[in-house]
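Student: I should like to go through this structure by asking what justifies each term applied to it. May we begin?

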Amino acid sequence: MMKFYLNGKEVETQAPSTMRLIDLLRDEFQLIGPKEGCGEGECGTCSILVNDLLENSCLIPIGAIEGAEIITIDGYCKTEQFQILSDCYSEAGAVQCGYCIPGMVMASAALLAQNPHPTEDEIREGISGNLCRCTGYNMIVDAIGLAAN
Ligand code: FES
């Protein structure tokens, strides 16, 4: 049995240590915020925070997260900071199909937590691991810039 913290609560699982974290989150804990896109660490739709650092949950075997603090969009969306980001994403028109947005918001959260007033280049760097097919990124960059002010 393994224990870790999930969106602020201690949880445990009997799942095999080689199971991917994204599968554990979605299948055992019914947290469907992290999406599977590529499954290879390239697209960022499965992004979560592990001990405050942005990670791709498709690449992490659950044996690596014993005792760690995991935050998914499902938990983050209950925070005040999420509401600010959500309002800014809306204001900037940064959501189109929406598939990338849970991961984008987690990347935004990680960036702003480490750097509350990023430059445009720093914002682009902060979301560089997250792909979006619809927006051309500019509205997302604008949204994060709005949230930073
Ligand atoms: Fe994890 Fe694409 S599904 S990075």
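The discussion below treats the domains, then the sheet, then the helix pairs.

Student: What kind of model is this, and which domains does the assignment give?

Tutor: The model is predicted. The domain assignment of the protein gives domain 1 (2-75) and domain 2 (80-148). Taken over C-alpha atoms, the centres of domain 1 and domain 2 are separated by 21 Å.

Student: How many residues of domain 1 and of domain 2 take part in the contact?

Tutor: Domain 1 contributes 14 residues and domain 2 contributes 12 residues. The criterion for a contact is that the C-beta atoms, placed from the backbone, lie within 7 Å. On the side of domain 1 that touches domain 2, β3 (47-50) and β4 (53-56) each supply at least two residues. β3 gives the most to that side, with 3 residues. By class, that side of domain 1 has 8 nonpolar, 4 polar and 2 charged residues.

Student: What makes β3 and β4 a pair?

Tutor: Two strands pair if at least two bridges are found between them. β3 and β4 are joined by 4 bridges and run antiparallel, so the condition for a pair is met. One of the bridge partnerships sets I48 against E55 in β4. The two strands form a hairpin with 2 residues between them, and N51 in the turn has a positive phi of about 50°.

Student: How do you know that β3 also pairs with β5?

Tutor: β3 and strand β5 (residues 69-71) share 2 bridges in the antiparallel sense. The criterion asks for at least two, so β3 and β5 count as paired. In β5, I71 is the bridge partner of L49.

Student: Why are β2 and β4 described as standing at the edges?

Tutor: The open sheet has 5 strands in the order β2-β1-β5-β3-β4, with mixed pairing. β2 (9-13) and β4 each have a single partner strand, so one side of each is left without a neighbour in the sheet. From one strand to the next, the twist averages 40°.

Student: Which helix lies across β3 and β4?

Tutor: That helix is α4, which runs at about 35° to β3.

Student: Why are α4 and α6 called oblique to each other?

Tutor: The axes of helix α4 (residues 101-114) and helix α6 (residues 138-148) cross at roughly 40° and come within 11 Å. Angles under 35 degrees count as roughly parallel, and 65 to 115 as roughly perpendicular. The crossing angle belongs to neither range, and α4 and α6 are therefore oblique to each other. α4 passes α6 in a right-handed crossing. The contact is made by M104, S108, L111 and L112 of α4 together with I140, I144, A147 and A148 of α6. The residues of this contact divide into 7 nonpolar, 1 polar and no charged.

Student: What makes the pair α3 and α6 oblique?

Tutor: Helix α3 (residues 80-91) and α6 pack at an angle of about 135°, with their axes 8 Å apart. The roughly perpendicular range is 65 to 115, and roughly antiparallel requires an angle over 145. The angle of about 135° meets neither condition, and α3 and α6 are therefore oblique to each other. Their crossing is right-handed.

Student: Which residues make the contact of α3 with α6?

Tutor: I84, L85, C88, Y89 and E91 of α3 meet A143, L146 and A147 of α6. By class, this contact has 7 nonpolar, no polar and 1 charged residues.

Note on methods. Residues numbered from 1 in each chain as written. Predicted model: local features only at pLDDT ≥ 70, side-chain atom pairs only at ≥ 80, totals over all residues. Domains from an automatic or database assignment. Contact = placed C-beta atoms within 7 Å. Nonpolar A, V, L, I, M, F, W, Y, C, P; charged D, E, K, R; others polar. Axes fitted to C-alpha atoms, helices over the stretch in contact; angles between N-to-C directions. Left-handed = near helix turned anticlockwise from the far one by under 90°.
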